[in-house]
Amino acid sequence: MKDNWIEIAETPFDSSLVRERDGGSGMTFSYVEVKEYIKKLNDICDYEWGSDIREIIIEHPNAIVSGSIILGNGITKSDTGSGTISIYRDSGKPMKDAVGNAVKAATSDMIKRCCRQIGIGLELYETDGAS
């Protein structure tokens, strides 16, 4: 683990990596793809980190994943992420691969939320990050 890992973690993502998505009710939210969080974890920990999924809950229309990231120095941060199960409007049944895709999205969300606890991507959660 790098000696300056806190500095690396707290360095904001380059603005070219920040995307926006509709948050409903006229709001937008800024986000960065999970691969960029993983790159930063790899940089901080010299690839010596892992993740652990403790629980997956499928509660229509959501998938919920609870888990942790474990850094090379033993620091563990836990959180929960969610993903939406896409359904067909006419039948109300899940689309092909919808549950798997929702679990993947929930896992990505969980990793991002754990990273936030060590300072990675924290700038995206500031109140002025949502407009």
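Trainee: What makes Asp79 and Arg116 a salt bridge?

Mentor: In this predicted model, the closest N and O atoms of Asp79 and Arg116 are 3.6 Å apart, and since a salt bridge asks for a side-chain nitrogen of Lys or Arg within 4 Å of a carboxyl oxygen of Asp or Glu, the pair qualifies. Asp79 lies in strand S5 and Arg116 in helix H3, so this contact ties together parts that are 37 residues apart in sequence.

Trainee: Which residues are joined with Asp79 into one network?

Mentor: Arg113 and Arg116 are joined with Asp79, through salt bridges that share partners. The side chains of Arg113 and Asp79 meet at 3.3 Å, N to O, which is again within the 4 Å limit. That pair also links distant parts of the chain, with Arg113 in helix H3 (residues 98–116) and Asp79 in strand S5 (residues 76–84), 34 residues apart.

Trainee: Why is Asp79 called buried, and why is Arg113 called partly exposed?

Mentor: Asp79 has a relative accessible area of 16%, and because buried means under 20%, Asp79 is placed in that class. Arg113 has 24% relative accessibility, and because partly exposed covers the range between 20% and 50%, that is the class for Arg113. Arg116, at 24% relative accessibility, counts as partly exposed as well.

Trainee: How many salt bridges are there by this rule, and what makes Glu36 and Lys39 one of them?

Mentor: The count comes to four, and Glu36 with Lys39 belongs among them, as their closest N and O atoms are 3.5 Å apart, a value within the 4 Å cut-off. The two residues are three apart in helix H2, and therefore they are separated by about one helical turn. Glu36 itself is buried, with a relative accessible area of 12%.

Trainee: How do you know that Cys45 is in no disulfide?

Mentor: The closest cysteine sulfur to that of Cys45 belongs to Cys115 and is 9.1 Å away, too far for a bond, because a disulfide needs a pair of cysteine sulfur atoms within 2.5 Å. Cys114 is in no disulfide either, the nearest cysteine sulfur, that of Cys115, being 7.1 Å away. The count by this rule therefore comes to zero disulfides.

Trainee: Are Cys45 and Cys114 buried or exposed?

Mentor: Cys45 counts as buried at 1% relative accessibility, and Cys114 is buried with a relative accessible area of 0%, both values being under the 20% limit.

Trainee: What is the phi of Ser25, and why is Ser25 called exposed?

Mentor: Phi of Ser25 is near 55°, a positive value in a residue other than glycine, whereas most residues other than glycine have a negative phi. Ser25 is found in the loop between strand S1 (19–24) and strand S2 (27–31). With a relative accessible area of 80%, Ser25 is called exposed because that term applies over 50%.

Trainee: Where is Tyr47 found, and what is its phi?

Mentor: Tyr47 is found in the loop between helix H2 (34–45) and S3, and has a positive phi of about 70° although it is not a glycine. At 65% relative accessibility, Tyr47 counts as exposed, as the value is over 50%.

Trainee: Is the peptide bond from His60 to Pro61 cis or trans?

Mentor: The bond from His60 to Pro61 is cis, with omega near 10°, whereas most peptide bonds are trans. Pro61 is found in the loop between strand S3 (50–59) and strand S4 (62–70).

Notes
Residues are numbered from 1 along each chain as its sequence is written. Side-chain values use heavy atoms; hydrogens and water are left out. Helices (H or I, at least four residues) and strands (E, at least two) are DSSP runs, numbered from the N terminus. Buried means under 20% relative accessible area, exposed over 50%, partly exposed in between (1.4 Å probe, protein chains only).
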